[in-house]
Amino acid sequence: MSILNETYTLSNGVQVPKLGLGTWFIDDDKVADAVRAAVEIGYRNIDTAQAYGNERGVGEGIRTCGVPREELFVSTKLAAEIKDYDGAVAAIDGSLQKLGLDFIDLMLIHAPQPWDDFRGGDYAEGNREAWRALEDAHQAGKLRAIGVSNFLESDVESIVSGGTVTPHVNQLLVHAGNTPAELLAYCESKQILVEAYSPIAHGEILKNPDVQAMAERYGVSVPQLCIRYTLQLGTVSLPKTANPDHMRSNADVDFEISGEDMDGLRNLHAKDYGDSSAFPVYSGK
């Protein structure tokens with residue numbers, strides 16, 4: 001059975017394909033082609049965000065891919081800067097409009113702080129207001145599931161204490177070299193599914209000789225090993241690419257990493273993202 005046919009089940013019963021397509025850095029005028037190619041290969045999970053500036057193109061790809069809407073799982077994210085109820089309500093409707101869809105399968109708060117103050121000030125009240133808007137849209141059937149992204153345990157606790165729905169998902173930076181074990185265990189304890197973005201460490205892991213050697217032993221590529229690692233952690237894996245050959249290769253992960261090698265990858269510390277360290281999520285904060 002292909003990984004593309006396997007799913008996790010969220011705490012509210014909604015099913016999520018284990019492997020998805022990330023679309024960060026794919027331009028709005030190119031992303032529809034990428035989505036259509038992915039769906040043709042067998043992908044059913046497509047992830048975007050308001051901040052990516054490509055919701056229109058993603059929606060076009062979804063609507064023109066030839067697969068019924070109900071068979072696809074589409075995620076987007078509320079801009080990290082929106083920390084009030086009315087702004088969030090307008091933005092949720094804005095995403096639906098840009099995507100050209102009647103409903104969104106999963107919508108997340110992109111970060112607990114605005115990007116220019118990432119891991120900085122206290123936005124707990126603003127997050128609770130944005131969360132209330134997501135809860136109302138979920139209740140209204142506009143969103144099938146709701147969640148958060150880049151939230152630490154204290155950020156999640158704040159949402160849980162003030163809300164009526166525990167986040168269904170927390171999308172986090174997870175890859176060999178950056179495995180936040182305590183946060184993963186906490187999310188599991190709360191029945192919050194973790195989605196791993198940048199499972200290939202924004203490409204930097206390709207240069208790691210230890211990971212290269214391990215991939216060689218399994219007869220797979222470094223990206224395949226890294227994607228398999230995040231899947232065996234029990235997370236959704238969201239590698240991003242516009243290249244159909246890479247999409248196929250990323251889905252060819254029908255092998256098992258041994259317990260010993262999983263421990264080795266878990267204990268690996270590789271958090272140098274080169275030039276990409278300028279982005280808040282790779283800054284080490």
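Glutamate 60 and arginine 56 sit four residues apart in helix 2, which is about one turn of the helix. Their side chains meet in a salt bridge, with 2.9 Å from N to O. Keep in mind that this is a predicted model. From that one pair, we can work outwards to the rest of helix 2, then to the core and a couple of buried residues.

**Salt bridges around helix 2**

- Why might residues four places apart be able to meet on a helix? An α-helix has 3.6 residues a turn, so residues three or four places apart point the same way.
- Glutamate 60 has another partner too: its side chain forms a salt bridge with arginine 36, at 3.6 Å from N to O. Glutamate 60 is in helix 2 and arginine 36 is in helix 1, so this pair ties together parts that are 24 residues apart in sequence.
- Are these residues buried or exposed? Glutamate 60 counts as partly exposed because its relative accessibility is 25%. Arginine 36 is also partly exposed, at 25%, and arginine 56 is partly exposed at 38%.

**A pair in helix 4**

- Glutamate 129 and arginine 132 both belong to helix 4, three residues apart, or about one turn of the helix. Their side chains meet in a salt bridge, at 2.9 Å from N to O.
- Glutamate 129 is partly exposed, with a relative accessible area of 23%, and arginine 132 counts as partly exposed at 36%.
- Back at helix 2, salt bridges with shared partners link Asp28, Asp33, Arg36, Arg56 and Glu60 into one network. The count of salt bridges comes to 19.

**How helix 2 packs**

- Helix 2 covers residues 55-63, and its buried residues are Glu55, Gly57, Val58, Gly59, Gly61 and Ile62.
- What do those buried residues pack against? They pack against helix 1 (31-41), strand 4 (45-47), strand 5 (73-78) and helix 3 (85-99).
- The axes of helix 2 and helix 3 come within 7 Å and cross at roughly 50°, so the two helices are oblique to each other.
- On the helix 2 side, Glu55, Arg56, Val58, Gly59, Glu60 and Arg63 meet Ser95, Lys98 and Leu99 of helix 3. Sorted by class, this contact has two nonpolar, two polar and five charged residues.

**The nonpolar core**

- In soluble globular proteins, nonpolar side chains tend to be buried together.
- Here, the largest nonpolar core has 94 residues, and Leu78, Ile92, Ile109 and Leu225 have the most contacts inside it.
- Which residues does leucine 78 touch? Leaving aside neighbours within four places in sequence, leucine 78 is in contact with Gln50, Ala88, Ala91, Ile92, Met107, Leu108, Ile109, His110 and Ala130.

**Two buried residues to look up**

- Histidine 110 is in the loop between strand 6 (104-109) and helix 4 (124-139). At 7% relative accessibility, histidine 110 counts as buried, because the cut-off is under 20%.
- Not counting residues up to four places away in sequence, the contacts of histidine 110 include Ala49, Tyr52, Leu78, Trp115 and Asn150.
- Serine 75 is part of strand 5, and at 0% relative accessibility serine 75 is buried.
- Serine 75 touches Asn45, Ile46, Asp47, Thr48 and Leu106, again leaving out residues up to four places away in sequence.
- How far apart are serine 75 and valine 160? They are 85 residues apart in sequence and 21 Å apart in space, going from C-alpha to C-alpha.

Key
Residues are numbered from 1 along each chain as its sequence is written. This is a predicted model: local features need pLDDT of at least 70, side-chain atom pairs count only at pLDDT 80 or more; totals for chains, interfaces and linings use all residues. Side-chain values use heavy atoms; hydrogens and water are left out. Buried means under 20% relative accessible area, exposed over 50%, partly exposed in between (1.4 Å probe, protein chains only). Contact means heavy atoms within 4.5 Å. A nonpolar core is a set of buried Ala, Val, Leu, Ile, Met, Phe, Trp, Tyr and Cys residues joined through side-chain atoms within 4.5 Å. Axes are lines fitted to C-alpha atoms, for helices over the stretch in contact, and angles run from 0 to 180 degrees between N-to-C directions. Angles under 35 degrees count as roughly parallel, over 145 as roughly antiparallel, 65 to 115 as roughly perpendicular and the rest as oblique. Ala, Val, Leu, Ile, Met, Phe, Trp, Tyr, Cys and Pro count as nonpolar, Asp, Glu, Lys and Arg as charged, and the others, Gly among them, as polar. A salt bridge is a side-chain nitrogen of Lys or Arg within 4 Å of a carboxyl oxygen of Asp or Glu.
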